[in-house]
Amino acid sequence: MVDRKPLKVAVQMDPIERIDIRGDSTFALLLEAATRQYDLFYYTPDQMALADGEVFATVRPLTVRDREGDHFALGEARRTALSAFDVILMRQDPPFDLAYITTTHLLERIHPKTLVVNDPAQVRNAPEKMFVMEFPDLMPPTLITRDLAEIKAFRAEHADIVMKPLYGHGGGAVFRIARDDLNFGSLYDLFSVTFREQWVVQKFLPAVKDGDKRIILVDGEFAGAVNRVPAPDDLRSNMARGGTPTETDLTAREREICAAIGPALRERGLLFVGIDVIGDYLTEINVTSPTGIRAIKNLGGPDVAALIWNKIEKKRAG
Ligand SMILES: Nc1ncnc2c1ncn2[C@@H]1O[C@H](COP(=O)(O)OP(=O)(O)O)[C@@H](O)[C@H]1O
Ligand SMILES: [Mg+2]
């Protein structure tokens, strides 16, 4: 047996005092890291700096425990070159804005010598509702545009549609426009002034009433899944919008989807990914800060956090 040193890990995340530990996937990863006795450190994206060709952060030693209201303790702050860590978990939540993109530029400078999960340049290149468009055979009919004539033609063809922001998250501003809905024109106007970016127009999938399945892939392999059923009065399945997590298995089609996208994820260093499937259709590939792993374990499913660290250890060992 080789006697290995524990990994030295820093987590880049939103303020840890504000997370809800019952559902937070980052926290699940940190608990498993603590079990493995890694050396854990914490910082927020606001504490990063680039100077003299080096990326620094003001990090603090972190201990975690699975206790609501008392889930962490921090040690003394020290400015540290991020290249001193074996692993950085990039786990801040969207918005995927220029601040987010800037952190990917910073972390790109130390990866892969320091293993950044997920690969920051690849995260930058794979906005969740854009990357998925590389797999049109797996998707519902989908249009990305802000051109009214394009949207009208799509609506004429598909009748019942959904409009949602391209860089939206957590179910924000997702609208269904049924056939003959007279609100379409106003909603178009509202989107065009609210969003500078193009947006997503997609065929409405009635199967959403049975749920939107979150499937986790670790290094391109299926690792666990949870179904999320929307509240009866809402289109959106997101748990943050009242969706209920329920236990689930993969259908044959979902296995096919995993097999089809797995190699692309592995090639790109997208080690921890959550995809969303409604009915038989892939709608999103989440690479920034996927969630769902605590829900999967709570429902009696696999320990995805352990699978992720196993894979990271393997990669570090070369
Ligand atoms: N094409 C669609 N048909 C039916 N429901 C949809 C469709 N697109 C999104 N939804 C509903 O809206 C929710 C949020 O949409 P999603 O595309 O996953 O964006 P977000 O990044 O905000 O989670 C989904 O979980 C689902 O309940
Ligand atoms: Mg989603």
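Select Phe-41 to begin: this residue is buried, with a relative accessible area of 8%, where buried means under 20% relative accessible area, exposed over 50% and partly exposed in between, computed with a 1.4 Å probe and protein chains only. The model in the viewer is predicted, and local features need pLDDT of at least 70, side-chain atom pairs count only at pLDDT 80 or more, and totals for chains, interfaces and linings use all residues. Residues are numbered from 1 along each chain as its sequence is written, chains are lettered from A and ligands numbered from 1 in the order in which they are written, and side-chain values use heavy atoms, with hydrogens and water left out.

Add Phe-85 to the selection, which at 2% relative accessibility also counts as buried. A search of the whole structure finds 9 aromatic pairs, a pair being rings of Phe, Tyr and Trp (its six-membered ring) whose centres lie within 6.5 Å, with planes under 30 degrees apart counted as stacked, over 60 as edge-to-face and the rest as tilted. The rings of Phe-41 and Phe-85 have centres 5.4 Å apart and planes at 65 degrees, so this pair is edge-to-face. The pair links distant parts of the chain, since Phe-41 is in strand β2 (residues 39-43) and Phe-85 is in the loop between β6 (78-81) and β7 (87-90), 44 residues apart; helices (H or I, at least four residues) and strands (E, at least two) are DSSP runs, numbered from the N terminus.

Next, select Phe-131 and Phe-135, an edge-to-face aromatic pair with 6.1 Å centre to centre and 70 degrees between the planes; both residues are buried. Then show Phe-175, Tyr-188, Phe-191, Phe-195 and Trp-199 together, which ring pairs link into a cluster.

Move to ligand 1, which 22 residues surround, the closest being Lys-129, Lys-164, Gly-171, Asp-212 and Ser-237; a residue is near a molecule if one of its heavy atoms lies within 4 Å of it. By class, this shell has 7 nonpolar, 8 polar and 7 charged residues, where Ala, Val, Leu, Ile, Met, Phe, Trp, Tyr, Cys and Pro count as nonpolar, Asp, Glu, Lys and Arg as charged, and the others, Gly among them, as polar. Colouring the strands is useful here, as β10 (161-165), β12 (199-203) and β16 (272-278) each supply at least two residues of the shell.

Which atoms of the protein lie 2.9 Å, 2.8 Å and 2.6 Å from ligand 1? A polar backbone atom of Leu-205 is 2.9 Å from a nitrogen atom of the ligand, a backbone N or O atom of Leu-235 lies 2.8 Å from an oxygen atom of the ligand, and a polar side-chain atom of Ser-237 lies 2.6 Å from an oxygen atom of the ligand. The protein covers 97% of the 540 Å² of accessible area that ligand 1 has on its own, the areas coming from the Shrake-Rupley method with a 1.4 Å probe and, for residues, with only the protein chains shown counting as cover.

Now select ligand 2, the magnesium ion, which is coordinated by Asp-276 (OD) and Glu-284 (OE) at 2.4 to 2.6 Å. Donors are N, O and S atoms within 2.8 Å of the metal (3.2 Å for Na, K and Ca), and water is not among the atoms, so sites may look incomplete. Asp-276 counts as buried at 3% relative accessibility, and Glu-284 is buried too, with a relative accessible area of 13%.

From there, go to Thr-288 in the loop between β17 (281-286) and α8 (293-298), a residue buried at a relative accessible area of 5%. Its side chain and that of Glu-128 are joined by a polar contact of 3.1 Å, that is, a pair of N or O atoms within 3.5 Å, of which, within protein, one must be able to donate a hydrogen and the other to accept it, while residues adjacent in sequence count only if both atoms are side-chain atoms.

Turn to helix α1 (residues 25-35), where 9 of the 11 residues are buried. Asp-24 caps the N-terminal end of α1, with a side-chain oxygen 3.0 Å from the backbone nitrogen of Thr-26.

Finish with the backbone. The peptide bond from Pro-94 to Pro-95 is cis, with omega near 20 degrees, and another cis bond joins His-111 and Pro-112, with omega about 5 degrees. Select Asp-180 last: its phi is positive, about 70 degrees, although it is not a glycine, and the residue is exposed, with a relative accessible area of 66%.
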